[in-house]
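Reader: Hello! I am new to this structure and would love a close look at one part of it. Could you take me slowly through the surroundings of the ligand and the pieces of chain that lead there?

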Amino acid sequence: MNTVNLDRLVPEYIKGFEAYIPSKPDDVLKRYYGVHHLFRMNNNENALGPPAAARKVIEEFPQEQASIYPSGDSYHLRLALAQRFGLHEDQFLVGNGATEVISFVIKAFCASGDNIVTADKTFAVYEWVAEFSGLSARLIPLKDQAFDDRAMLEAMDEQTKVLFVCNPNNPTGTWWSESRLRAFLDAVGPERVVVVDEAYFEFMDEPGYPDGMKLLDEYPNLVVFRTFSKAYALAGLRIGYLAGSLEVVEVIRRTCVVYSVNILAQAAALAALPDEGHIHRTREMVKQGKEFLFQVLNRLGLPYLSGGGNYAMIKLPMSDSLAYRKLMTQGVMVRTMTGFRFPNWIRLSISGMEAMEAFGRGLGRILDKGARK
Ligand SMILES: *Cc1c(COP(=O)(O)O)cnc(C)c1O
């Protein structure tokens with residue numbers, strides 16, 4: 001009676017799946033690396049912190065509300081989103097981060113034997129959810145570091161239900177223009193769902209970058225993801241959402257976990273949504289941070305990739321995990337990318353100048369001590 005027959009219990013696709021190991025909490029890391037301060041530049045968080053109105057909501061949160069269930073379908077937030085985007089409130093589903101809504105979509109449309117199509121080097125959760133659900137993820141190699149529309153279309157078959165496009169792509173920063181996205185949606189046709197993940201939408205002000213919300217009327221099989229974790233700086237509260245046509249969202253709603261979005265997150269997101277000033281200041285910070293970073297990287301002669309979003313990828317002449325550890329001893333946390341199929345690259349969140357300078361100094365030091373000199 002003291003063992004479990006896991007061999008019988010565990011499906012084959014779970015046997016072959018490895019759990020993702022998140023990084024340790026900051027206090028543990030600081031102690032381990034012997035630093036007093038840690039600049040978090042690994043998760044594309046917004047260093048400005050939450051917008052003022054969201055801070056106020058958090059500060060003044062009525063404590064007795066912690067004992068009651070939240071709105072099960074984020075009612076007030078959906079009304080605000082509907083008004084903001086000129087859509088119907090039932091066209092939105094709010095989740096515990098946009099990460100959660102990925103599984104809503106996959107569960108709603110994919111049965112055993114079905115597959116999803118996405119890129120090999122993108123936000124990994126699409127692939128993970130498909131695989132631990134026993135579905136296959138067709139991972140199409142990036143072309144010129146961008147999603148390869150033609151190869152994705154060729155990879156579709158009868159069992160393809162959902163295609164995921166990350167726009168701009170995390171981690172490469174590449175993005176499809178509106179005309180490219182439209183051509184893709186036209187070519188996919190109405191038999192499949194196309195998800196466009198716009199987690200970094202609010203950072204984009206490039207001409208030609210598409211606003212998925214504006215395409216929903218024309219493409220009822222389009223689903224758009226957005227999040228409050230990145231530009232709105234509410235990552236710790238876990239809240240994101242999807243939008244689609246009434247008919248498609250009505251189906252996805254069936255796989256939603258009710259009450260997964262907590263009461264404070266709903267209130268803070270509602271307060272944050274209208275704050276255009278915060279978005280503007282965030283973009284300015286990212287712009288300044290990128291300019292500084294590119295100067296540093298050009299001076300050091302390091303290849304890098306950066307486009308939309310508040311992040312950049314940097315290719316190092318050393319192992320990324322070694323670079324990670326060395327940067328940690330200087331109080332700078334970056335994302336290693338070997339596990340994401342970019343060996344010896346790191347991804348850096350574009351942060352405030354103090355953090356950017358700390359990174360620049362740290363990088364200079366670790367390269368100096370290495371083989372380069
Ligand atoms: C960060 C991110 C998300 C979702 O983040 P949540 O915190 O779960 O809302 C989704 N897609 C991409 C591409 C991201 O980078």
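Author: Gladly; what follows starts at the ligand and then moves outward through the elements around it. Please keep in mind that this is a predicted model.

Let us begin with the ligand itself. It is surrounded by 13 residues, and the closest are Thr99, Asp197, Thr227, Ser229 and Lys230. Lys230 has a polar side-chain atom 2.9 Å from an oxygen atom of the ligand. Asn170 also takes part through its side chain, where an N or O atom is 2.9 Å from a ligand oxygen. With Ala98 the backbone is involved: one of its N or O atoms lies 2.6 Å from an oxygen atom of the ligand.

Asn170 is worth a second look. A cis peptide bond joins Asn170 to Pro171, with omega about 20 degrees. Pro171 sits in the loop between strand 5 and helix 9. Pro168 is found in the loop between strand 5 and helix 9 as well, and the peptide bond that leads to Pro168 from Asn167 is cis, with omega near -5 degrees.

Now follow the chain to helix 9, residues 178-188. Its buried residues are Leu181, Phe184, Leu185 and Val188. Why do they lie on the same side of helix 9? Because they cover an arc of only 100 degrees around the axis. Ser179 and Asp186, on the other side of helix 9, are exposed. What does the buried set pack against? Its partners are helix 8 (149-155), strand 5 (160-166), strand 6 (193-197) and strand 7 (222-227). After helix 9 comes Gly189, whose phi is positive, near 80 degrees.

Strand 7 brings us to Phe225, which lies in that strand. With a relative accessible area of 0%, Phe225 is buried, because buried means under 20%. Leaving aside residues up to four places away in sequence, Phe225 touches a group that includes Val101, Ile102, Phe164, Val195, Val196 and Tyr241. Asp197, one of the residues closest to the ligand, is also touched by Phe225. Thr99 offers another link back to the ligand, as one of the closest residues. Phe225 and Thr99 are 126 residues apart in sequence, and their C-alpha atoms are 9.3 Å apart in space.

Two further strands fill in the picture. Strand 3, residues 115-119, has five of its five residues buried, so it is largely enclosed by the rest of the structure. Its pairing with strand 4 (residues 136-140) is parallel and runs over five bridges. Within that pairing, Thr118 has Leu139 in strand 4 as its bridge partner.

The loop between strand 4 and helix 8 holds Asp144. This residue has a positive phi of about 50 degrees although it is not a glycine. Is Asp144 buried or exposed? It counts as exposed, at 72% relative accessibility. Asn44 gives a contrast to set beside it: its phi is also positive, near 55 degrees, in a residue other than glycine, yet Asn44 counts as buried at 1% relative accessibility. Asn44 has its place in the loop between strand 1 (39-40) and helix 4 (52-59).

Terms used. Residues numbered from 1 in each chain as written. Predicted model: local features only at pLDDT ≥ 70, side-chain atom pairs only at ≥ 80, totals over all residues. Heavy atoms only, no water. Buried < 20%, exposed > 50% of the residue type's maximum accessible area, 1.4 Å probe, protein only. Helix = DSSP H or I, 4+ residues; strand = E, 2+ residues; numbered from the N terminus. Arc of directions from axis to C-beta. Contact = heavy atoms within 4.5 Å. Near = heavy atom within 4 Å. Polar contact = N/O pair within 3.5 Å; in protein donor to acceptor, adjacent residues only side chain to side chain. Pairing = 2+ DSSP bridges.
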